[in-house]
Amino acid sequence: MTGPRALTRAIPDSFAHALAAVPRPIDVALARRQHAVYVAALGACGIAPVTLPADEACPDCVFVEDTALIVPGGDAPLAIITRPGAPSRRAEPPTIAAALAADCEVVEMPAPATVDGGDCMRLGATLYVGRSARTNAPGIAWLAEVLGRRGVDVVPVELPAGVLHLKCVVTPLGHDRVVLAEGALAADTFGVHAITVPAAETYAANVVAIGAHVIVAAGYPRTHERLAAAGFTLHEVPVSEVQKADGSLTCQSIVW
Ligand code: CIR
């Protein structure tokens, strides 16, 4: 059996113009150093990711999570290539599809469906999908049809106003626990134990969990305490520059 695999993508100079609800100056050189720490953290979790080259025509291309969703099972994992909700990001998925084609059965989402991978959280045979400004009803219906054939149930989740993606407020810790921002969604939404993070640390609810290892955003001590107390080994990554582009941790990789 092979271990987990991951895909990441380098940061273009045009990242300075990435989508952001509140645009702020981005230090692209610092963003690249922080991305290197992220890739090294994946390595410390036992994964050597493949890092695809940046595309200057795609300022947000580092946020690979939004472009594909991988579901194991069958003869090969199924890679669902999304149609991102932001029109400026629609040139990103073909590169990801080509990179995944060697290992996965690839299926491309058709218009008018739109889904961002950041809205998709799988826990075992259930895929929770946030209804957001990026993920529309045809997208959720299409996912339900395609994944139903693989035995995966799709459960829509209403997001609080102003939340970009489902995984801004909840991320999985394996298949039987989640990290959830206090007050964002009802604690019983996902039918598994929720480790809550204080509302003041909502950003820290986005973590990458790989076995007993968890990659966390640097600077959120109460969340770190709770995860460490639950037995996880933490890997802190600086995120100031991706945060300015409304990104966080899960969005910088596709792990399968
Ligand atoms: C965007 O607005 O699409 C990017 N600037 C940020 C995407 C972050 N993606 C994610 O959290 N899954």
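Begin by selecting Arg89 in this predicted model; beyond its neighbours within four places in sequence, Arg89 is in contact with Leu19, Asp60, Phe63, Asp66, Pro84 and Arg134. Follow the backbone on either side and you will find that Arg89 sits in the loop between strand E4 (78-81) and helix H2 (93-100). Although it belongs to a loop, Arg89 has a relative accessibility of 3% and therefore counts as buried, the cut-off for that class being under 20%.

Now display the side chain of Arg89 with its polar partners. One is the backbone oxygen of Phe63, which the side chain of Arg89 reaches at 2.9 Å, and another is the side chain of Glu92, with which the side chain of Arg89 makes a polar contact of 2.8 Å.

**The ligand**

Select the ligand next, together with what lies around it. There are 13 residues surrounding the ligand, and the closest are Asp60, Glu65, Asp66, Arg134 and Ala245. Asp60, Asp66 and Arg134 will be familiar from the first stop, since they are among the residues in contact with Arg89, a link that rests on heavy atoms lying within 4.5 Å.

Which side chain has an N or O atom 2.8 Å from a nitrogen atom of the ligand? It is the side chain of Glu65 that holds this position. Turning to the oxygen atoms of the ligand, you can find one that is 2.8 Å from an N or O atom in the side chain of Arg134, while a polar side-chain atom of His165 lies 3.4 Å from an oxygen atom of the ligand.

**The pockets**

Leave the ligand selection and turn to the open spaces of the protein. The largest pocket holds about 930 Å³ of space. It is lined by 32 residues, of which Arg122, His175, Ala209, Val255 and Trp256 are the closest to its centre. To see the framework of this lining, colour strand E3 (68-71), strand E6 (120-123), strand E12 (208-210) and strand E15 (254-255), the elements that each give two or more residues to it. The largest share, four residues, comes from E3. When the lining of the largest pocket is sorted by class, 20 residues are nonpolar, nine are polar and three are charged.

The second largest pocket, with about 350 Å³ of space, makes the next selection. Its lining has 14 residues, and those closest to its centre are Leu164, Cys168, Tyr203, Gln243 and Asp246. By class, the lining of the second largest pocket consists of six nonpolar, six polar and two charged residues.

**The enclosed space**

How many cavities of 30 Å³ or more does a search of the whole structure find? The search finds one, and the largest cavity holds about 40 Å³ of space. To locate it, select Ala31, Gln34, His35, Tyr38, Val237, Pro238, Val242 and Gln252, the residues that line it. Helix H1 (residues 28-44) supplies the largest share of this lining, namely four residues. The lining of the largest cavity divides into five nonpolar and three polar residues, with no charged ones.

**A last stop at Arg222**

Finish at Arg222, which is found in helix H4 (residues 221-229). Is Arg222 buried, exposed or partly exposed? Arg222 has a relative accessible area of 43% and is therefore partly exposed. Apart from its neighbours within four places in sequence, Arg222 is in contact with Pro198 and Glu201. Draw a distance between C-alpha atoms here, and you will see that Arg222 and Val197, which are 25 residues apart along the chain, are separated by 7.4 Å.

Technical notes
Residues numbered from 1 in each chain as written. Predicted model: local features only at pLDDT ≥ 70, side-chain atom pairs only at ≥ 80, totals over all residues. Heavy atoms only, no water. Buried < 20%, exposed > 50% of the residue type's maximum accessible area, 1.4 Å probe, protein only. 1 Å grid on protein atoms, 1.4 Å probe; cavity = no way out; pocket = protein on both sides within 12 Å on 5 of 7 lines; lining within 4 Å. Points joined across faces, edges and corners; volume = space filled by probe spheres on them. Nonpolar A, V, L, I, M, F, W, Y, C, P; charged D, E, K, R; others polar. Near = heavy atom within 4 Å. Polar contact = N/O pair within 3.5 Å; in protein donor to acceptor, adjacent residues only side chain to side chain.
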